[in-house]
Each structure stands twice: as structure tokens, then as C-alpha cells.
Amino acid sequence: MILSLLLSLAGAAQDTTEFTSKPGRAGRYSLVAYFNAGGSYYSANRGAPAYLQPSLRRVNPLATVRVLWHPDRQLKAGLESGFMTFYSYGLKDSLGKKGRVSLDAVPVLLVWSMSVTDHLNIFAGSGAYFLTTHLDYEGKSKASRLAMGWMAAASYIWPLGKNAGLGTEFKWMYASGTSSGVLALQVQYVWKFAHW
């Protein structure tokens, strides 16, 4: 009876362990998914010529998913992808005809991460941005290209249990082929979905 009571107390103590990005004991590994959604701010002034009377929409939605391998060491690695809009312009020509131009991207990045504290993390990554320019002006057209780029981010995660957390992430994403970059603020859900 005493043994079963001790085992149940040990199990209860284990269940209340809070999620942390810090390495666990030696030989423990896990896969962790980071689901991010929020908004981005396009800071450059590039775009359409002034005679088209462009109206720049600087704030756009941004959603990303990151899967990292958490080993029993500080350095973690994985992949990140998602969907984002760098910028969107409303246009009007001298005859009053309206149009719209936007630059969307799907990033595929190799990401590295380190834990600064139990809940504060930094991320850096590089890879490809699959860019698509959409033009809606007297018909619709689009053009695609590949650009290399990178990202840097920091997040703070509040534990929701031993395998999940809720956080916020501040991020810079940049595609070098078009010199387009955004600052982003995202809400983050973190889920440790596998461990061994």
C-alpha cells in the first residue's frame, strides 16, 4: 500500500512538470512543433511609381510552422515553413482604373535554436523563399521566383503543462532576391508531440 502511494505521488509530480525548452536529462530526445500566427510589418518604401498613386498596405498576416529536434544539448535544429505577404499595393492610373499588386512568399528554412532561460528562446535560420507576385489590373497575372533569405527570432513561452506552452514570438524575415523584409509579432503554441 505504501509503495503504491509513493508511485502515485511520483506520477503526480511528473505530470505537473512544466514545459521547458532547456535540455532534459542525458539521452532524452523530443520533437517539438511551434505553431505561429500573427501580423507582419513591411518597413521599406519600395514599390510602385508615384504616378500610379500607390497606397501601401504595410501590415499583413503571417503564419508559420516550425518543427525542431530537441536533443539533450542546448543546440536544436529543424525546419520552418508557412505563408506570408511581404506587401500589398493598391494602384490607380491616370484614367482612374484601379489595380492591386502583392508579393506573397512560402519560406522553407533550416532553423537553429538555443534556450537562453527555461522559457526564453532564440532562433536563426536560412533557406529559400518561394515568391509569387500577383498583379490585378485589367486582368490577373502572376509571376514566381525563388530567392534565398533568412530569419531571426526570439520567443517567450509560458508553460501549459509538461508537453505544451503558449508564447509570443518577435521575428525578422528577409528575402534577399527582392530586398524585402518584415518585422513580425506572432502568438505561438508549442507542442512536444514525440519524445524518447
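How exposed is lysine 97, in terms of relative accessibility? Lysine 97 counts as partly exposed, at 37%. The notes below start from this residue. The model is predicted.

1. **Lysine 97 and its partner.** The side chain of lysine 97 meets that of glutamate 138 in a salt bridge, 2.5 Å from N to O. The two ends sit in distant parts of the chain, 41 residues apart. Lysine 97 is in the loop between β4 and β5, and glutamate 138 is in the loop between β6 and β7. Glutamate 138 counts as exposed, at 58% relative accessibility.

2. **Lysine 98, next along the chain.** Lysine 98 is found in strand β5, which covers residues 98–115. Its relative accessible area is 65%, so lysine 98 is exposed. Neighbours within four places in sequence aside, its contacts are Leu91, Lys92, Asp136 and Tyr137. Tyrosine 137 is 39 residues from lysine 98 in sequence, yet their C-alpha atoms are 6.8 Å apart.

3. **The β4–β5 hairpin.** β4 and β5 pair in the antiparallel sense, over 14 bridges. One bridge sets glycine 90 against arginine 100 in β5. The hairpin has 5 residues between its strands. Glycine 96 takes a positive phi there, near 90°.

4. **The β5–β6 hairpin.** β5 and β6 run antiparallel and are joined by 16 bridges. Their hairpin has 4 residues between the strands. Serine 113 stands opposite phenylalanine 123 in β6.

5. **Arginine 66 over two rings.** The charged end of arginine 66 sits over the ring of phenylalanine 123, 4.0 Å from its centre. Arginine 66 also lies over the face of tyrosine 34, at 5.4 Å from the ring centre. In addition, arginine 66 belongs to a network of salt bridges with Glu80, Glu169 and Lys171.

6. **A buried salt bridge.** Within that network, glutamate 80 forms a salt bridge with lysine 171. The closest N and O atoms are 2.9 Å apart. Glutamate 80 is in strand β4 and lysine 171 in strand β8, so far along the chain that 91 residues separate them. Are these two residues buried or exposed? Both glutamate 80 and lysine 171 are buried.

7. **A salt bridge between sequence neighbours.** The whole structure holds 6 salt bridges. One of them joins arginine 73 and aspartate 72, with the closest N and O atoms 3.4 Å apart. Arginine 73 counts as exposed, at 54% relative accessibility. Aspartate 72 counts as buried, at 14%.

8. **The nonpolar core.** The largest nonpolar core has 28 residues. Those with the most contacts inside it are Met84, Phe86, Tyr129, Leu131, Met151 and Met173. Eight strands, β1, β3, β4, β5, β6, β7, β8 and β9, each supply at least two core residues. Methionine 84 touches Tyr129 and Met173, and its other contacts include Pro61, Leu62, Leu103 and Val182; residues up to four places away in sequence are not counted.

9. **The phenylalanine 86 pair.** The whole structure has 11 aromatic pairs. Phenylalanine 86 and tyrosine 129 form one that is tilted, with 6.1 Å between centres and 45° between planes. Why does this pair tie together separate parts of the chain? Phenylalanine 86 lies in strand β4 (residues 76–92) and tyrosine 129 in strand β6 (residues 120–136), so the pair spans 43 residues of sequence. Both phenylalanine 86 and tyrosine 129 are buried.

10. **A partly exposed pair.** Tryptophan 191 and phenylalanine 193 also form a tilted pair, at 5.5 Å between centres and 45° between planes. Tryptophan 191 is partly exposed, with a relative accessible area of 40%. Phenylalanine 193 is partly exposed too, at 36%.

11. **Serine 30 and the aromatic cluster.** Ring pairs link Tyr29, Trp69 and Trp196 into a cluster. Serine 30 is in contact with Trp69 and Trp196. Its further contacts beyond four places in sequence are Leu68, His70, Lys192, Ala194 and His195. Serine 30 is in strand β1, residues 30–42. Its relative accessible area is 7%, so serine 30 is buried.

Definitions and conventions: Residues numbered from 1 in each chain as written. Predicted model: local features only at pLDDT ≥ 70, side-chain atom pairs only at ≥ 80, totals over all residues. Heavy atoms only, no water. Phe/Tyr/Trp six-rings, centres within 6.5 Å; stacked < 30°, edge-to-face > 60°. Buried < 20%, exposed > 50% of the residue type's maximum accessible area, 1.4 Å probe, protein only. Lys NZ or Arg CZ within 6 Å of the ring centre and 35° of its normal. Contact = heavy atoms within 4.5 Å. Pairing = 2+ DSSP bridges. Core = buried A, V, L, I, M, F, W, Y, C linked by side-chain atoms within 4.5 Å. Salt bridge = Lys/Arg side-chain N within 4 Å of Asp/Glu carboxyl O.
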